[in-house]
Each structure stands twice: as structure tokens, then as C-alpha cells.
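This report describes the pockets of one protein chain, the surroundings of its ligand and two points of backbone geometry. The sequence and the structure come before the description.

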Amino acid sequence: MSLGEIKDGKLIAISPSTLEKIGEVKVVPPQDVEKHVERARKAFPGWKALSFRERAEYIFAAKNYILAHLDKLADLMVLENGKPKVEALNSDLFVGLEVMTYFAKRGERILRDEPVRNPQMYFKEKRHYICYEPVGVVGVIAPWNFPFSISMSGVSMALLAGNTVLLKPSPHTCLIGEKFSEIFQSAGLPEGVFQALPGGNDTGEALVKANIDKIVFTGSVRTGKRIMETCAPHLRPLMLELGGKDPMLVREDADLEAAASGAVWGAFTNCGQVCASVERVYVNKKIAKVFIDRVVEKTSKLRVGDPSRDSMDVGPMISMEQLKIVESHLSEAQEKGAKVLVGGKRIEGLKGYFIQPAVLANVNHTMRIMKEETFGPALPIMEVENDGEAVALANDSEYGLCASVWSRDVREAERMAQQIETGLVTVNDALYGYAVPQIPWGGVKYSSLGHSHAEMGLKEFVHPKTVSIDKGFMKKKMYWYPYSEKTTQLMRKTMQFVFGKGISKIKF
Ligand code: NAD
């Protein structure tokens with residue numbers, strides 16, 4: 001049995017720690033997807049007609065159910081996803097709850113009608129305002145690495161904005177995906193407003209092809225490109241949150257103890273399977289030896305094993321495929337001269353996909369480990385001459401999700417942050433951006449198309465509609481028929497007045 005395998009119409013759930021079967025979930029086959037989309041479309045007018053506050057009440061009810069079942073949900077994530085319980089609670093459940101609660105409280109203000117100031121004398125007798133309408137039926141396609149927080153973020157924001165939602169969870173975390181139906185059923189959501197569609201990649205593909213109004217996808221660049229191609233003939237709007245190759249830049253004046261701890265956590269939390277993991281480090285050569293020694297020492301102390309034991313820091317990887325990518329990046333780097341200072345070997349005696357977190361030196365940009373997303377517990381460290389070289393190497397990437405700069409001189413770190421081509425740069429910490437719903441989450445280059453979170457993230461789930469009202473004071477507008485010489489002259493004079501020396505100096 002392999003992870004995500006479908007047998008007799010059921011997804012087989014396997015623990016990545018023990019490789020034992022832990023459950024199964026009935027699949028929604030591709031040919032049934034349209035039926036579910038129709039159900040969601042039927043439910044849309046009723047859901048849209050509710051006030052924001054009424055919809056928020058359902059989200060609060062879902063939140064209460066989650067809180068009442070916190071340990072059960074966390075334990076399931078430990079079992080199916082292989083992350084330690086602290087991480088299941090902290091980076092999955094906490095973040096999901098934070099996002100749903102923040103937008104349930106704040107979203108009404110973000111989406112309220114906006115009056116538009118109208119300084120143009122031409123249209124003075126008009127009044128405009130923008131209102132935000134839900135896009136309709138939204139498909140949320142989710143990855144396995146944060147099976148709760150990423151799914152909950154997309155689903156709760158889409159629902160709050162007034163859309164009906166279909167969630168396609170990753171086949172690797174189908175049991176957690178199934179919990180979403182339980183959560184929203186218990187919250188009493190009306191029929192068809194939320195549906196989970198467990199299934200393989202073909203179920204996801206069917207959802208993208210179905211009669212749907214927007215796709216919100218989080219996953220790999222490869223799948224993101226394919227989804228974009230599928231959406232193109234229908235001009236279907238989409239939002240993509242994709243991969244990363246996040247750099248960490250350690251300046252000469254950095255607090256090395258903090259930077260080393262940050263590097264180890266940033267690279268190995270969730271077994272390195274985070275889109276915003278620290279995937280490469282550029283350290284000033286004057287302090288490189290001390291920094292690398294501390295990183296190696298801290299890495300060798302990490303406890304790797306059964307994530308259900310409280311004392312474990314790092315669990316297994318999700319699958320053999322992911323583990324082999326890590327091994328291939330490590331071996332290719334070694335062939336080109338890199339030195340593995342610690343880790344990089346599978347752990348004997350454990351059945352699951354366990355590998356010791358690895359730290360490498362003598363790396364350069366000819367190696368895949370410095371250029372491609374590894375998405376596993378490997379931390380290559382490269383020495384640089386100065387800040388300029390660090391920034392140039394950080395930008396030498398087809399990804400641009402996040403980056404971090406480590407320095408005691410915050411001003412100088414900010415100056416560097418401004419030169420880095422990513423969606424988020426953190427100073428003296430890494431990786432936490434998704435947990436702050438107030439800031440936009442998304443990157444540049446191959447990392448994203450669109451944003452989750454913040455005001456602009458909620459507005460991904462609506463379209464702006466402007467209502468423009470003429471107060472009816474003038475029976476005839478200057479620009480209406482019939483045209484005449486008099487109108488031409490009037491227009492000329494008006495333009496001289498508006499754009500000439502006089503009125504154009506007035507600030508609006
Ligand atoms: P993936 O692309 O393999 O799968 C993601 C989801 O897409 C799954 O539910 C899968 O079943 C579905 N899918 C696969 N093929 C499809 C198709 N043709 N049409 C529609 N749906 C399809 O990614 P993954 O392995 O689950 O996740 C890991 C990747 O996700 C990494 O690259 C990571 O960086 C990225 N990620 C990005 C963010 C972010 O916010 N930027 C967050 C988490 C993960």
C-alpha cells in the first residue's frame with residue numbers, strides 16, 4: 001500500500017511514522033464532482049443573502065467545535081501527517097483558528113460598501129459606491145503539509161465573504177480532510193454551503209474543469225501551472241500559493257546564538273516541509289565558522305522519531321517520494337563538492353519515512369539543493385563576502401516567497417529587506433508570516449499568484465461592483481447628443497480650466 005492510494009473507491013490512509021493503515025475515506029470520483037458543484041450553486045443565493053454577521057456566527061460555531069475537539073484533531077494530525085503534537089497545535093490548529101476568528105470579527109469592516117469621492121466637476125451630480133459581491137462557488141484545493149490551517153484559511157474566508165465552497169483535501173491527509181465535513185455539519189451550515197471532496201488528483205482536476213467561479217489552490221508549482229492551463233479556456237479566475245526556496249541572510253553583526261536557533265527551527269520544523277522553510281543560508285564569512293558550529297551542534301541534539309511522543313522534535317517525512325527528493329539533492333550536492341556536516345541518513349530501526357536533519361557546507365548555486373525546492377530537512381549554508389553578495393544570491397532564484405535577515409542593526413537589516421525580491425522579509429525571525437492574518441501572504445516569481453490573508457486576501461473572494469447614481473439635477477448632460485460647435489467650445493474651455501494652471505493645482 002502506498003500513501004494516497006485509492007482501492008475500491010476508497011482512499012487508504014497510512015501513517016508515515018509506522019506505515020500502517022490508519023483508516024479509509026470514500027472518494028468522490030471525478031464524474032461526480034459536477035453534481036456537488038450544482039449542489040453548491042443551489043445553496044449560493046441563500047448563503048449570499050445572509051448578513052456578514054449571520055455567516056460569522058456559523059464560523060464561530062465551527063470554531064467552538066474545533067476548540068472542544070482540540071486534542072483529538074491534533075492527535076489525528078500527528079498520526080496521519082507525522083508532525084509532533086506541539087506543531088499540530090501551534091502551526092496548524094492555532095493558525096487556522098486565528099485566521100477564521102480574525103476574519104469573522106474583522107471581515108465585515110473590510111467588505112463594507114465604500115463610498116467614492118468624486119472630485120471631477122464633469123460628474124459632480126453623481127454619487128458612487130463600491131460594494132463587494134461574493135464570486136459564487138469556490139473550489140479550495142489544499143496540500144498535505146498544513147492540512148488544517150491552509151484548508152481552514154481558504155474555506156473560512158470564502159464562506160465569510162458569502163461564497164459556497166468545495167474543499168479538495170490532499171489524498172495524503174484524507175482523514176483530516178474528512179474532519180472538515182464534521183466541523184461544518186456540527187456548526188449547522190445549510191445544506192450544500194460547504195462540501196469536502198475527498199479524492200485523488202483526478203478529483204482535483206475535475207473540480208478545476210467544473211462549472212465553478214474561482215479556484216484557490218495551494219500546492220506545487222507543477223500542479224499550479226497545470227491548473228492555470230485548465231482554467232485558461234474558461235477564463236476562470238484563480239489564486240495560486242506555490243513553492244518557495246527561502247533564503248536566510250546572516251550579517252556579520254548577527255546574534256549568532258539566536259540566528260543558529262532560528263536556522264535550525266526554520267529549516268527543520270514540520271520536518272522541513274514548509275513552503276516558507278529556511279531552505280538556504282548565506283552567512284558572512286567572518287562569522288561563518290562560529291555560526292556553522294552552533295547550527296551543527298543544535299541539529300545533532302534534535303530528537304527524531306515517533307511524533308506521538310512529547311519528547312520528539314522532528315517526525316517522519318510524509319512519503320518515500322519526498323524523502324527520495326531530499327536524498328537526491330544531498331547526493332548531487334556531495335558529488336559537486338558539498339560537505340554534509342551532520343545528518344542526511346535514514347534512521348535505522350524505524351519503519352516510517354525518517355531521515356536525520358542534515359546541515360551542509362561548501363555549497364554553491366550549481367547545486368540543485370541551492371536552486372530547487374527541497375521540501376525536507378536539509379540546510380545548506382554558503383559563506384559570502386558581504387551583504388551585497390548575500391542579497392544577490394538570495395535573489396538568484398525562480399522563487400520569491402519569504403526571506404529572513406539576521407542582524408543587530410535593524411536599520412541595516414531593513415535596508416537589505418528592501419532589496420530582496422520576495423513577498424515577505426522578516427528580520428531576526430523566520431517562517432511565521434502565515435500565522436499573522438493581518439499581513440498579506442503571497443510571493444513573487446513562481447511562488448504565488450494573488451494573496452491570502454489581510455484585506456487583499458479576503459477580497460480575493462469577492463468582486464467589486466460599483467453602483468453609480470445620478471441625482472438627476474441636470475436634464476441634459478454636456479456630453480449627450482446633439483453635438484454642436486457650442487459644445488466643442490465649452491469642452492475646450494472646460495479642459496483648459498480643469499487641466500490648466502488654475503484648478504489642476506488643487507489637491508484632491
Ligand atoms: P501538490 O501540487 O502535489 O498537490 C496539492 C493538491 O492539488 C492536492 O490536493 C492534490 O490532490 C491536488 N492536485 C494534484 N494534481 C491536480 C490537478 N491536476 N488538478 C487539480 N488538483 C490537483 O502539492 P503537495 O505535495 O500537496 O504540497 C506541497 C507543495 O505545496 C510544496 O511545493 C509547497 O511549497 C507548496 N505549499 C505552498 C504553500 C504556500 O502558501 N505558498 C503552503 C503550503 C504548501
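The text below takes the pockets first, then the ligand, then the backbone.

**Pockets**

The model is predicted. Its largest pocket has a volume of about 1200 Å³. The lining of this pocket consists of 42 residues, and those closest to the centre are Trp-144, Gly-219, Ser-220, Arg-222 and Thr-223. Four elements each contribute at least two lining residues: the helices α7 (201–209), α8 (221–231) and α11 (320–335), and the strand β9 (214–218). The largest share comes from α8, with 6 residues.

The second largest pocket has a volume of about 440 Å³. Val-95, Phe-146, Ser-149, Tyr-434 and Ala-435 lie nearest its centre, out of 31 residues in the lining. Two or more lining residues come from each of α4 (85–110), β6 (137–141), α5 (149–160), β9 and β10 (238–241). Here α5 gives the largest share, 5 residues. The strand β9 thus appears in the lining of the largest pocket and also in that of the second largest pocket.

The table sets out the residue classes in the two linings and in the shell around the ligand.

| Set of residues | Nonpolar | Polar | Charged |
|---|---|---|---|
| Lining of the largest pocket | 17 residues | 16 residues | 9 residues |
| Lining of the second largest pocket | 20 residues | 10 residues | 1 residue |
| Shell around the ligand | 15 residues | 9 residues | 5 residues |

**Ligand**

Which pocket holds the ligand? The ligand sits in the largest pocket. Around the ligand there are 29 residues, of which Lys-168, Ser-220, Thr-223, Leu-242 and Glu-373 come nearest. Ser-220 and Thr-223 are also among the residues closest to the centre of the largest pocket.

The elements α7, β9 and α8 each supply at least two residues of the shell around the ligand. These three elements also each supply at least two residues of the lining of the largest pocket. In the shell, α7 gives the most, with 4 residues, whereas in the lining of the largest pocket the largest share comes from α8.

Three side chains can be listed for their polar atoms. In Asn-201, a side-chain N or O atom is 2.7 Å from an oxygen atom of the ligand. In Glu-205, a side-chain N or O atom is 2.7 Å from a nitrogen atom of the ligand. Arg-226 has a polar side-chain atom 3.4 Å from a nitrogen atom of the ligand. The protein buries 92% of the 850 Å² that the ligand exposes when taken alone. By residue range, Asn-201 and Glu-205 fall in α7 (201–209), and Arg-226 falls in α8 (221–231).

**Backbone**

Two places in the chain are noted for their backbone geometry. Between Tyr-481 and Pro-482 the peptide bond is cis, with omega near 0 degrees. Pro-482 is placed in the loop between β21 (462–470) and α16 (485–499).

At Leu-235, phi is near 50 degrees, a positive value in a residue other than glycine. Leu-235 lies in the loop that runs between α8 and β10. Of the two elements that flank this loop, α8 gives the largest share of the lining of the largest pocket, and β10 gives two or more residues to the lining of the second largest pocket.

Terms used
Residues numbered from 1 in each chain as written. Predicted model: local features only at pLDDT ≥ 70, side-chain atom pairs only at ≥ 80, totals over all residues. Heavy atoms only, no water. 1 Å grid on protein atoms, 1.4 Å probe; cavity = no way out; pocket = protein on both sides within 12 Å on 5 of 7 lines; lining within 4 Å. Points joined across faces, edges and corners; volume = space filled by probe spheres on them. Nonpolar A, V, L, I, M, F, W, Y, C, P; charged D, E, K, R; others polar. Near = heavy atom within 4 Å. Polar contact = N/O pair within 3.5 Å; in protein donor to acceptor, adjacent residues only side chain to side chain. Areas by Shrake-Rupley, 256 points an atom, 1.4 Å probe, with all protein chains shown as cover. Sits in = over half its atoms within 2 Å of the grid points.
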